[in-house]
Amino acid sequence: MKGSGLPLCILVAVFYLSWTPSAGLKTLHLGSCVVITNLQEMHNGFSEIRDTVQAKDKIIDVRILRKTESLQDTKPADQCCLLRHILRLYLDTVFKNYQTPDHHILRKISSLANSFLTIKKDLRLCLKPQEAVVKALGELDILLQWMEETD
């Protein structure tokens, strides 16, 4: 009699596992970095607050990120480093400084920040610190020229 419940238990277990958050996990291949994250969970969290947050954006003639195509143009070898810097921007500046009295939005932003932290900790450093400093200083002329050419 005990064995007759086994198929039902297996069916329930399979059903449960298919609905757990791990079902939305995605493996991101970013050059030499591989990160596993739940993008669906992040999309869902952001979609709950998107309209409210975007309605407060009064700067409609400037975009920080254009479309995904501009990010897709990044060379595979640079994708890990680019994502690390973008995550740092969001973690150190955007999420920390966003203010609203709406506790629901603050909880969703906190959840997104935690997801970003998890991704960031999984990313390897893109350059050794001293190499990064030398690289940035060596390319300073590009930044200065760009600044000079802006209107």
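A patch here means residues with over 30% relative accessible area and no salt bridge, with nonpolar side chains joined within 5 Å. Keep that in mind for the first close-up. One more thing before we start: this is a predicted model.

**Figure 1. A nonpolar patch sits on the surface.**
Six residues make up this patch: Leu-137, Leu-140, Leu-143, Leu-144, Trp-146 and Met-147. Together they have about 640 Å² of accessible area. Which helix gives the most to the patch? That's helix H7, residues 140-149, with five residues. Leu-137 has its place in helix H6, which covers residues 129-138. With a relative accessible area of 62%, Leu-137 is exposed, because anything over 50% counts as exposed.

**Figure 2. Cys-33 and Cys-80 are joined by a disulfide.**
A quick reminder: a disulfide is a covalent bond between the sulfur atoms of two cysteines. How many of these does the structure hold? Just one disulfide turns up. The sulfur atoms of Cys-33 and Cys-80 are 1.9 Å apart. The pair links distant parts of the chain, 47 residues apart: Cys-33 is in strand E2 (residues 33-37), while Cys-80 is in helix H4. Look along the S-S bond and you get -70 degrees about it, so to speak a left-handed link. Buried or exposed, these two cysteines? Both Cys-33 and Cys-80 are buried.

**Figure 3. Gln-79 and Thr-74 touch each other around the start of helix H4.**Gln-79 has its place in helix H4, which covers residues 76-97. Thr-74 is in the loop between helix H3 (68-72) and H4. Leaving out residues up to four places away in sequence, Gln-79 touches His-29, Leu-30, Gly-31 and Thr-74. Apply that filter to Thr-74, skipping neighbours within four places, and you find Gln-79 and Leu-82 in contact with it. Are these two on show or tucked away? Gln-79 counts as buried at 18% relative accessibility, and Thr-74 is buried with a relative accessible area of 18%. The cut-off behind that label is under 20%.

**Figure 4. Lys-108 and Glu-48 form a salt bridge.**
Side chains of opposite charge can pair when their charged atoms come close. The closest N and O atoms of Lys-108 and Glu-48 are 3.3 Å apart. Why does this pair tie together parts that are 60 residues apart in sequence? Because Lys-108 lies in helix H5 (residues 103-122) and Glu-48 in helix H2 (residues 39-55). Lys-108 counts as partly exposed at 22% relative accessibility. Glu-48 is partly exposed too, with a relative accessible area of 44%.

**Figure 5. Two further salt bridges get a view here: Asp-122 with Lys-121, and Glu-139 with Lys-135.**
How many salt bridges does the structure hold? It holds three. For Asp-122 and Lys-121, the closest N and O atoms are 3.2 Å apart. Lys-121 is exposed, with a relative accessible area of 63%, whereas Asp-122 counts as partly exposed at 33% relative accessibility. Now for the other pair: the side chains of Glu-139 and Lys-135 meet at 3.5 Å, N to O. Glu-139 is partly exposed with a relative accessible area of 39%, and Lys-135 counts as partly exposed at 45% relative accessibility.

**Figure 6. Over residues 6-20, pLDDT stays under 50.**
How many contacts beyond four places in sequence does the model have for residues 6-20? One. For the chain, the mean pLDDT is 81, and 80% of its residues reach 70 or more.

**Figure 7. Stepping back, the chain has seven helices and two strands.**
Read along the sequence, the elements follow the pattern α-β-β-α-α-α-α-α-α. There are 151 residues in the chain, and buried ones make up 19% of them. The chain exposes about 12300 Å², with carbon and sulfur atoms supplying 62% of that area. Contacts tell their own story: among those with a separation of 6 or more, 62% are between residues 24 or more positions apart. The disulfide of Cys-33 and Cys-80 in Figure 2 is a link you can look for here, with its cysteines 47 residues apart.

Terms used. Residues are numbered from 1 along each chain as its sequence is written. Side-chain values use heavy atoms; hydrogens and water are left out. Patches are made of residues with over 30% relative accessible area and no salt bridge: like charges are joined within 9 Å, nonpolar side chains (Val, Leu, Ile, Met, Phe, Trp, Tyr) within 5 Å. Accessible areas come from the Shrake-Rupley method with a 1.4 Å probe; for residues, only the protein chains shown count as cover. A salt bridge is a side-chain nitrogen of Lys or Arg within 4 Å of a carboxyl oxygen of Asp or Glu. Helices (H or I, at least four residues) and strands (E, at least two) are DSSP runs, numbered from the N terminus. Buried means under 20% relative accessible area, exposed over 50%, partly exposed in between (1.4 Å probe, protein chains only). Contact means heavy atoms within 4.5 Å. A disulfide is a pair of cysteine sulfur atoms within 2.5 Å. pLDDT is the predictor's confidence in each residue, from 0 to 100.
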